[in-house]
Amino acid sequence: MKKNNLLSAITIGISAMMVLQSPVSAYASENLENLDSLDNSNPGVSEEQAQPETPYEPITEDVQSAADTAIDACVSTPAAEDTGSGEQNQPAQEQQAETNQVVAQVEVQQAADIILNGDSESGTPSASEQKQTQEVKDLISAATAVAQDSTDEEGNKVNSAVTSYEEAAKDIADAKENLAKAEEANKEADAAHKEAVTDVTDAAAELVSPSGIVDTANNISGTVSDANKDAEELVESIEKAESEEEATQIIENLETLITTAESTVQLQKEHYDTLSKAYNKAIEELTKAQETLAEKEEALGSNIDQASSKISDAEAEVAAAQQKVDNLGAALEAVENMLDNSKSTDGDILDKKRGNNWSGKFTTNVDNSRNIMKDVVVNYYLPQVAGKNIITNDPAHPYTFSNPDPKNVDYEHRYTTLEYYYVDDDGSIQKDIKYFNWDSISKSDFKNQNIGKNEGNTGIVMYEKTLEEVNSVQEYEKAMELAKSYYADNPDFQRNGLSLTNGKNLTRCIEQGWFNVYTYMDGDEKKYIVHGQLTGPQTGTSVGETPAFTSFVDENGIEHELTLVPQPSEANTNGLYKNANCLIIGDNSTLKKVLNGTDGYSYVHDNVVDKYGISEETITRLLDENQKLNDYITDNTKAALVNRYANYRKEVDEAKSAAQVATDQVTSLKTAMETVEAAKTNPNRNLTAKQILNVESVAEHLGLEVSPQEAEVLNLMNMTQLKEKLQELKAEADKKIADALDEMIIVRGKKDKADQLLKKLFPTPDPEPEPTPSDTPTTPDGPTTPTTGGTTTTPAPDAPTTPTGADAPTVVDTTPTATPTDTGTVAPTTIADVAPALAATPAPAAPAVQTAVDAPDTPVAQPVVDNQNVQPGGGEDVQPETVEIDDGTTPLADSVSSENLQANSDVHPDDSLANPVDILDDDTALSSTITDSTQKRMSWWWLLIIALLGATGKKMYDEHMAKKEEKDDLNK
């Protein structure tokens, strides 16, 4: 065997001892799974232990903080729950005031509320309490969109700005939960990646470090290859032997060669198996770490994606709210511009009419009261009560009043006609006609109008007349015109020689029925006939009463049913004393006294309210509606509107500012998420093989000879590719080991070939036949030898005894043997430097180098070769010859004194190397004896370690001896 392979084997053993700081024979039993490459200057301290661990750096901490800020900008954080102190949770607005935190949801709600509902504390009316121009309607609509949810044309819910901020806050809170989960997943992914880097680095170290898997596989392959070559040369040299003794010596040298090779390979194979176990463990842990890494990175990506989606939803909600708030600001600006451009307002017109709380406005002048009614109808009643957005300032769409004709009807039946244009809800201009009338508040019946008297000067009552009422008046007026025309200057109809239409005759004849007019149908045509036409001429002092007709026969003999055209006596169904569906115009405080009679006598209370049984509830309603009219006038002057819209503007500006803050915070949150999204592909977890192994060249580190281009490809491998490359190199090493073990079988076969060649060259006579069992003599009373391995041996008188002690030759045997001594015990036999076959036979029970035992009563087992059994002194058909190895044939040393060698007394032939076997301190022929302070003898292994490592090796030896002494003390 070549010296370089022997030196490699020794180096492997030393490396193992350096790692374990224990004897070589105990090496195979140690757990090498977590061993790292060591610095010889500081054995036992790994690079990982020497370097402080890098602390984990959170990736979502800033984003989660930004999420909290965004939530606070959108909605008020709920107050802490009651802890038992009795304090109640504060409203959101109070919390906002205390923290000085601008909250979009609170601010936009306040802006919408003051426009839609007004503010009683500041005395600010709502926008609905004024003339509903298109600008004002748009403002109300915009405020409604801010504060109230709605539905679109397809019935889908449309969130208000207030709801949008609530939903945005919920989305951000959900995103924050996802970010917390992503943080945990990232932390676990980092840990898994670090573990994977450690594992793949460990695997690479086991594989390619000095005396690692690759080196060991190369050494085993080289050892076996050299042994095979040398063995073949020895076999070939037998044919050139000039004598049997020379040939026998060559075979002995061959045996020594094979035994030494087997022991060397065995030691290296054990080292290889231990390294493989550590390598496989590292690969297994690497695979688990990669699986964990993939799982956690998937969870990381999933939670980041969910958080991003939620933040995008929040961004959309906040943008929608921002748009609604911007619309509100634009609508308010439009109303402000309208107000600036107007010379006077509805309130200004009515306020001028009202004067000093209506004092002196309701007199006996009928036109004054009628004109007040007209102004109230146009500037208050239609827009505020009837809900008609009347056009008042467009010459192309004028409004026109028609006063009643007083000739044919009395006050009861008169009305004022209004033709006007208005804008409907769709923005289209429509034309309409309405009819109105008014009464004195003190009118008690048809005959007692009380205009301007009996408290009639305190107010008037205006009401709307129905179309049916108007039609009945119009038809009655038409009938009266027909009757007057028929009787005028008709000599057949006279009273006191005067026409029935003359003076008092008219009134009297109307009461008697002469002015009755009837209608009848002549086919499809409606015709009229006067009462006098049915009675015939009437002249005299008194025409007298005449009953109404129900039918008549025309000149053609056809009878027709007649319908009397009635007087419109019930035309004013909406008057105060009719159904009280009216609006009272006057000073509210004065009207309360008049209607309730609380300030002494009241004509209105006694002759209207009590007389017609008007309830207190109705009076209260009428007074409330009157107050609304007066408030409307006060609040809708231009000065009042300017003040009102200044209050609106303040709230809307605050809402816009808070909305912008919320938008900015959510935008910042979205921007911050970009950093977290980048963490899904964390470059620190996507290292190249060069970065993972922390080397300049992966190819050089792995011992690969490749081109520069191929080397760069290796440098850029990812972790999975690096693992695959390591597995590829491991597979190559495994194959090299397998091939070497197969070749070792061939090497062992050289011995059989040499034996056969020896017999061929130097044949021996056939042995005498063995006696049968019946021919075997017995010794009934002779002493027996203790049994070993189940066989009883009896000394033969001519059998030579086996030498013992220092002069005992090295014996290659196939079964445990023992030699009887004079005392009856079995003396140990010196064991050659022999190891069983690696591939063909079970692993040996002890190291290749075995030593004699000092104690004479301790039997020592010899290694088994090829499972052949041999009894001392013969007795079996197959019995390999014992071979003596002279001093100097062992490559490890020139000679070893058996009395200075020790072996554990518990070693048995079938023990595995998994059971530690200490090679104790002995003298060695490699150098002069070195003794420590206790004068103990040192083994050649330790001498070699100290020679190589110097003071470090000496320190390792001292620690080893200290441990051994502690162990010996415990065993005593």
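Helix axes here are lines fitted to C-alpha atoms, over the stretch in contact, and angles run from 0 to 180 degrees between N-to-C directions. The helices themselves are DSSP runs (H or I, at least four residues), numbered from the N terminus. You are looking at a predicted model, in which local features need pLDDT of at least 70, side-chain atom pairs count only at pLDDT 80 or more, and totals for chains, interfaces and linings use all residues. Residues are numbered from 1 along each chain as its sequence is written, and side-chain values use heavy atoms, with hydrogens and water left out.

**Stop 1: a helix pair**

Select α5 (residues 104–117) and α7 (residues 161–208): their axes come within 9 Å and cross at roughly 170°. That makes α5 roughly antiparallel to α7 (the label applies to angles over 145 degrees). Now show side chains: A104, Q105, V108 and Q109 of α5 meet V162, Y165 and E166 of α7, where contact means heavy atoms within 4.5 Å. Four of the residues in this contact are nonpolar, two polar and one charged.

**Stop 2: the largest core**

Keep Y165 selected and add I115, L139, L328 and Y645; these have the most contacts inside the largest nonpolar core, which has 58 residues. Such a core is a set of buried Ala, Val, Leu, Ile, Met, Phe, Trp, Tyr and Cys residues joined through side-chain atoms within 4.5 Å; buried means under 20% relative accessible area, with a 1.4 Å probe and protein chains only, and exposed means over 50%. Among the elements giving it two or more residues are α3 (61–74), α6 (134–147) and α18 (638–678). The largest share, 13 residues, comes from α9, the helix spanning 244–341. Next, centre on L328: among the residues touching L328 are A111, I115, L139 and V652.

**Stop 3: α21 and its two sides**

A second, separate core of 55 residues includes I213, I258, A711 and M717. Follow A711 into α21 (residues 708–715), where A711, L714 and N715 are buried. Seen down the axis of α21, these buried residues fall within an arc of 100°, so they line one face of the helix; the arc is that of the directions from the axis to the C-beta atoms. They pack against α19 (689–693), α20 (698–701) and α22 (719–761). Rotate to the face turned away from the buried side to find the exposed residues Q709 and V713.

**Stop 4: M480**

Finally, select M480 in α12 (residues 467–487). M480 is buried, with a relative accessible area of 5%. Beyond residues up to four places away in sequence, M480 touches I510 and F515. Draw a distance from its C-alpha atom to that of N516, 36 residues apart along the chain, and you should read 8.1 Å.

Conventions:
Parallel < 35°, antiparallel > 145°, perpendicular 65-115°, else oblique. Nonpolar A, V, L, I, M, F, W, Y, C, P; charged D, E, K, R; others polar.
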